[in-house]
Amino acid sequence: MKWGIFMNIIFVCVVLAEMFCLAVCACKAFKGKNNLAKFIALYESMVVICAASVLGCYFVKNTNMAMLFRGIMLSCFDWLVMLLIFYTEFYTKVFRTHRIIKIILSLYCLADTIMLISNPWNEIMFPVKDMMCDGIVYQFTQTGLLMRIHYIFNYVGILLVMLVFGIKMIKTSRFYRIRYKWIFSSLVAANVINIMVTGTNYLYDVSVAAYGLMSILIYYYSLDYIPNEIIENTLSLIIKDMNCGIICFDNNGRCLYISDILCDIYDKHLNKGNAQDYYKMWMAKNDSSDSESFRFEIQMEICDDKRIYEVVYKKVYDEDNNFICDYFIFNDRSAQIQSYEREKYRATHDSLTGLYNRENFFVEVRELIERNPDVDYSMICSNIKDFKLINELFGLQKGDEILIKQSRIMNDLVLSGGVYGRIQGDRYALCMPTRLIREQLILTSIQQMQKEFLDTSFHLHVMVGIYNIKDSGEAISSMVDKANIAAETIRNNYQRNIAYYDAKLFEKSVEERLIIGEFENAIENNRFVMYLQPQAAEDGTIYGAEALVRWEHPERGLLFPGAFIDVLEKTGLVYKLDMYIWNLAAKKLKEWKEIGREDLYISVNISARDFYFINIYQIFKNLIEKYNINPVNLKLEITETALMSDFEKNMRVIHKLQDFGFKIEIDDFGSGYSSLNMLKDISADVLKIDMGFLRQSENESKGRDILESVINLAGKIGMEVITEGVETEEQLKMLTGMGCKMFQGYYFSKPIPVREFEAKYSIQ
């Protein structure tokens, strides 16, 4: 009796100790964030429940209660086997359980659990034989098919798990083999003990203790165990793969470790024997042996390749703040520095020409002027008239060739002490000492550039503006603007290439700013008025009129377009004025329609800027719908230059307008540089010929022949012809003889206010 009690106490103590350890493992595993930790936490918790049920079934006196605890214990084994299979699958990754198999296993465990727990009342799984030992322990016997299936499921599952761990133990690296070896060994030992206990019908199921120990080993080797050899070897392999050199010294200055890369950096001259000399040299670079950490750079030449290394020094202390060792890390920053230099270059230079870009040019000029306060500097800016047309006519590659050539000219002009850059598009700027400027050198360079670009359909006109800087504190952008203003003054003068900024240009600049400042207010207060110039037949019968604009300024009186149109074009505000006039013209056509004069039309002008800033088609369509007028009565005039700014896009807009019913007029034909070349590509209804075409010709007879040919050509391709600028009766008769039937000019009438126009031509 005493021996039995003693054995019971030992058994209970062992099981309780294991339950405590397993509970601790389960709590720690539950805190883990990965799925493996969750599996192990569930597994450890199930083992605790199983051990508790073992104690219950051995130490209760009621038969039914003993049977209930026995059922719980056996059902726990089912769930433990299933969890062990899932854990093995996840941990070893040797196999993958299909979802259907997992469902079947779960359903079997659930069914077996129900039958085992209900066994005290139906004995469907096993009967109970009362067998008292010292009056406290029940002994059970197991018979029946369902119980045999239970044991088959358990042992087959355990054998499968042991097989997988055996395979993993053979195939895995020796660094990790110890993990699988201990888990495999504990599985074998626990199941051998279980078979022995079950086969001999031993009173105490010591296999429970074996399974508990196995579960503790599973937790430890799955989640906590990291062998030092793995850490050491892993760190060693990582250091070898790192693109940096490492050298370590102990607290006495002896070299502990040198990486292969560092030996290669010093061409094998560095070794453990002379490492202390290098140590002193590196410390001397920082001039402080007491520093906890510092960094410096070393430049080395390896195989004719210049390399830059950032060296980081650090000291290492233990938990008691005792100095243990120190080390140097050599980081190769060559590629990083080169990448930084490339990015810096791209940020400060133009990608096509390699010159300074706008922002960096301003910075460099400011530094140049501030470094030399006693030197007089000039700002030189250049651009090419209508450069966009070069890209349109000859392609982007040709345009790039010209830009590169222009950048070389800027380079040739800088003799010394100058800064130059590409400001935008075809605009270049150069700041250099005024005394070094040579106009003849600039002209020679431009002429050479123009000779290289020879084309009958386009004349390359390079414009150069020079501003002699008066105030060194002036904004660089303002200096550039003044030089560009000077260049713009020779836009239409092909005989000049260089212009200087002076007081008159300053006054003009002020004037332009005044116009821009007053423009919005003038629009809002209807200060712009529409004038009409008739378009008539030979006998004076009018067909319609061209809408022109005047500005009724409250202080300066009536301003003609020459005073403000160019400024509005330059600043992009002209589209607002155009829309304003278009609306007045459409409104007037509605009034004429209401009094029965739908036979008259009004022609309005479309500028190149309008195509960029507004939806021309939609605006004119809305005007027709708003005022309920015929689109034929609102004719649209556009210059060939405006069309060519983006030919394909603009022609698509023109075609849409024609499809809607508008008549398109090509204005100022004959004043451009590529009229005949473009005529075949421009889809228009009316050709307006500029009489200035004749006046500018040295050979009047030849000019008349050309003019007559153009009129005949227009008729052949289905275009009406209007000749504008007709001033004399002689011109009228000559044009009539050539076949022209519509005319516009001072011979008939100058542009006049709308009311005067209506009174003169009896439009009531």
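This report walks through a predicted model of one protein chain, from its overall make-up down to a few single residues.

## The chain at a glance

The protein chain holds 29 helices and 22 strands. Of its 764 residues, 47% are buried. Take the contacts with a separation of 6 or more, and 63% of them join residues 24 or more positions apart.

## How far to trust it

Since this is a predicted model, confidence comes before the details. The mean pLDDT of the protein chain is 81, with 88% of the residues at 70 or more. Strand β13 (residues 528-536) does best, at a mean of 95, while strand β1 (residues 128-133) sits at the bottom with 46.

The pLDDT stays below 50 over residues 130-139, although that stretch has 30 contacts in the model beyond near neighbours in sequence. Where pLDDT is low, the predicted coordinates should not be read in detail.

## Two nonpolar cores

The largest nonpolar core has 82 residues, and the members that touch the most others are F528, F620, L657 and L735. Helix α20 (residues 574-594) supplies the largest share of this core, with 10 residues. Apart from it lies another core of 58 residues, which includes I40, V47, M82 and L116.

Back in the largest core, L735 is worth a look as one of those well-connected members. Once neighbours within four places in sequence are set aside, L735 still contacts M691, L707, I711, T723, V726, C740 and F743.

## Helices α3 and α4

Two packed helices are described by the angle between their axes and the distance between the axes. For helix α3 (residues 63-92) and helix α4 (residues 99-117), the angle is about 170° and the axes are 8 Å apart. An angle over 145 degrees counts as roughly antiparallel, so that is the label for α3 and α4.

On the α3 side, the contact uses L68, G71, I72, L74, S75, D78, W79, M82, F86 and E89. Facing them in α4 are K102, L105, S106, Y108, C109, L110, D112, T113, L116 and I117. By class, the contact of α3 with α4 comes to 12 nonpolar, four polar and four charged residues. Two of the residues in this contact, M82 of α3 and L116 of α4, also turn up in the core of 58 residues.

The loop between α3 and α4 contains K93. K93 is not a glycine, yet its phi is positive, at about 60°. K93 is also exposed, with a relative accessible area of 64%.

## Helices α14 and α15

Helix α14 (residues 387-394) and helix α15 (residues 396-413) have axes that come within 7 Å and cross at roughly 140°. That angle makes α14 oblique to α15. From α14 the contact draws on F387, I390, N391 and F394, and from α15 on L396, K398, G399, I402 and L403. In the contact of α14 with α15, six residues are nonpolar, two are polar and one is charged.

## Buried charged residues

Three charged side chains in helices are next. E512 lies in helix α18 (residues 503-524) and is buried, with a relative accessible area of 13%. Beyond residues up to four places away in sequence, E512 touches V567 and K570. The loop between α18 and β13 holds N526, a residue other than glycine with a positive phi near 55°.

K482, in helix α17 (residues 476-488), has a relative accessible area of 16% and is therefore buried. K482 touches Y467, E474 and Y501, not counting residues up to four places away in sequence. From K482 to N468 is 14 residues in sequence and 9.5 Å in space, C-alpha to C-alpha.

E758 belongs to helix α29 (residues 754-760). With a relative accessible area of 14%, E758 is buried too. Leaving aside neighbours within four places in sequence, E758 is in contact with K588, W592, I763 and Q764.

## A partly exposed isoleucine

I167 sits in helix α6 (residues 145-171). With a relative accessible area of 31%, I167 is partly exposed. Y180 is 13 residues away along the chain, and the C-alpha atoms of I167 and Y180 are separated by 9.4 Å.

Definitions and conventions:
Residues are numbered from 1 along each chain as its sequence is written. This is a predicted model: local features need pLDDT of at least 70, side-chain atom pairs count only at pLDDT 80 or more; totals for chains, interfaces and linings use all residues. Side-chain values use heavy atoms; hydrogens and water are left out. A nonpolar core is a set of buried Ala, Val, Leu, Ile, Met, Phe, Trp, Tyr and Cys residues joined through side-chain atoms within 4.5 Å. Buried means under 20% relative accessible area, exposed over 50%, partly exposed in between (1.4 Å probe, protein chains only). Helices (H or I, at least four residues) and strands (E, at least two) are DSSP runs, numbered from the N terminus. Contact means heavy atoms within 4.5 Å. Axes are lines fitted to C-alpha atoms, for helices over the stretch in contact, and angles run from 0 to 180 degrees between N-to-C directions. Angles under 35 degrees count as roughly parallel, over 145 as roughly antiparallel, 65 to 115 as roughly perpendicular and the rest as oblique. Ala, Val, Leu, Ile, Met, Phe, Trp, Tyr, Cys and Pro count as nonpolar, Asp, Glu, Lys and Arg as charged, and the others, Gly among them, as polar. pLDDT is the predictor's confidence in each residue, from 0 to 100.
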